[in-house]
Amino acid sequence: MQAKYFDETNQYISSKTDLEKHLKGIDKEIMNICMDRKKLTAMNGTDLASYYDKIIAWSSKLLQTY
């Protein structure tokens with residue numbers, strides 16, 4: 001996410017917490033999922049699958065961009 005943000009803005013933000021403040025939409029949602037990854041272990045299968053679907057869709061779109 002840091003590399004994506006840098007590519008888009010030419011601004012490097014080293015802290016995940018600071019970076020999260022600059023993100024919007026799906027980028028912010030994906031960042032929050034990654035930052036709160038410990039709670040993923042407590043999720044049921046349906047919620048976990050929903051998160052995985054979001055991450056896969058986001059990364060697929062990102063790869064198609066480059």
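Here is a conversation about a predicted model and the reasons behind the labels its residues carry.

Visitor: What makes up the secondary structure of this chain?

Guide: The chain has 4 helices and 0 strands. Read from the N terminus, the order of elements is α-α-α-α. The C-alpha atoms fill a box of roughly 40 × 25 × 15 Å along the principal axes.

Visitor: Why is Glu 20 called buried?

Guide: The label buried applies under 20% relative accessible area. Glu 20 has 16%, so the residue counts as buried. Its place is in helix α2, residues 16-22. Leaving aside residues up to four places away in sequence, Glu 20 touches Lys 28, Met 31, Asn 32 and Met 35.

Visitor: How do you know that Lys 28 and Glu 20 form a salt bridge?

Guide: The test asks for a side-chain nitrogen of Lys or Arg within 4 Å of a carboxyl oxygen of Asp or Glu. For Lys 28 and Glu 20 the closest N and O atoms are 3.6 Å apart, and 3.6 Å falls within the 4 Å limit, so the pair qualifies. Lys 28 itself has a relative accessibility of 29% and therefore counts as partly exposed.

Visitor: Which other salt bridges can we look at?

Guide: The structure holds 5 of them. One joins the side chains of Lys 4 and Glu 8, with 2.7 Å from N to O. Another links Asp 27 with Lys 4, where the closest N and O atoms are also 2.7 Å apart. Because the limit is 4 Å, both pairs pass the test.

Visitor: What makes Lys 4, Glu 8 and Asp 27 one network?

Guide: Their salt bridges share partners, and this joins Lys 4, Glu 8 and Asp 27. Lys 4 takes part in the bridge to Glu 8 and in the bridge to Asp 27.

Visitor: How far along the chain do these two bridges of Lys 4 reach?

Guide: Lys 4 and Glu 8 are 4 residues apart in helix α1, so about one helical turn separates them. The pair of Asp 27 and Lys 4 links distant parts of the chain, with Asp 27 in helix α3, Lys 4 in helix α1 and their positions 23 residues apart.

Visitor: Are Lys 4 and Glu 8 buried or partly exposed?

Guide: They carry separate labels. Lys 4 has 13% relative accessibility, which is under 20%, so Lys 4 counts as buried. Glu 8 has 48%, which lies between 20% and 50%, so Glu 8 is partly exposed. Asp 27 is buried, as is Lys 4.

Visitor: Why is Asn 10 called exposed?

Guide: Exposed means over 50% relative accessible area, and Asn 10 has 61%, so the label fits. Asn 10 lies in the loop between α1 (2-9) and α2. Its phi is positive, about 60°, although Asn 10 is not a glycine.

Visitor: And why does Ser 59 count as partly exposed?

Guide: Ser 59 has 27% relative accessibility. That value is neither under 20% nor over 50%, so Ser 59 counts as partly exposed. Ser 59 is found in helix α4. From Ser 59 to Ile 30 there are 29 residues in sequence, and the C-alpha atoms are 9.7 Å apart in space.

Visitor: What makes a group of residues a nonpolar core, and which residues form the largest one?

Guide: The members must be buried residues of the listed nonpolar kinds, joined through side-chain atoms within 4.5 Å. Ile 30, Ile 33, Leu 40, Tyr 51, Trp 58 and Leu 62 make up the largest such set, 6 residues in all. Helices α3 (25-35) and α4 (45-65) each supply at least two of its residues, and α4 gives the largest share, 3 residues. Tyr 51 touches Ile 33, Lys 39, Leu 40 and Met 43, not counting residues up to four places away in sequence. A second, separate core of 5 residues includes Tyr 5, Leu 19, Leu 23 and Met 31.

Visitor: How much of the chain is buried, and what does the chain expose?

Guide: Of its 66 residues, 21% count as buried. The chain exposes about 5,000 Å², and carbon and sulfur atoms supply 54% of that area.

Visitor: How are the charges placed?

Guide: There are 10 positive and 9 negative side chains, and the centres of the two sets lie 3 Å apart.

How values were computed: Residues are numbered from 1 along each chain as its sequence is written. This is a predicted model: local features need pLDDT of at least 70, side-chain atom pairs count only at pLDDT 80 or more; totals for chains, interfaces and linings use all residues. Side-chain values use heavy atoms; hydrogens and water are left out. Buried means under 20% relative accessible area, exposed over 50%, partly exposed in between (1.4 Å probe, protein chains only). Contact means heavy atoms within 4.5 Å. Accessible areas come from the Shrake-Rupley method with a 1.4 Å probe; for residues, only the protein chains shown count as cover. Lys and Arg count as positive and Asp and Glu as negative; His and the chain ends are not counted. The place of a charge is taken as NZ of Lys, CZ of Arg, CG of Asp or CD of Glu.
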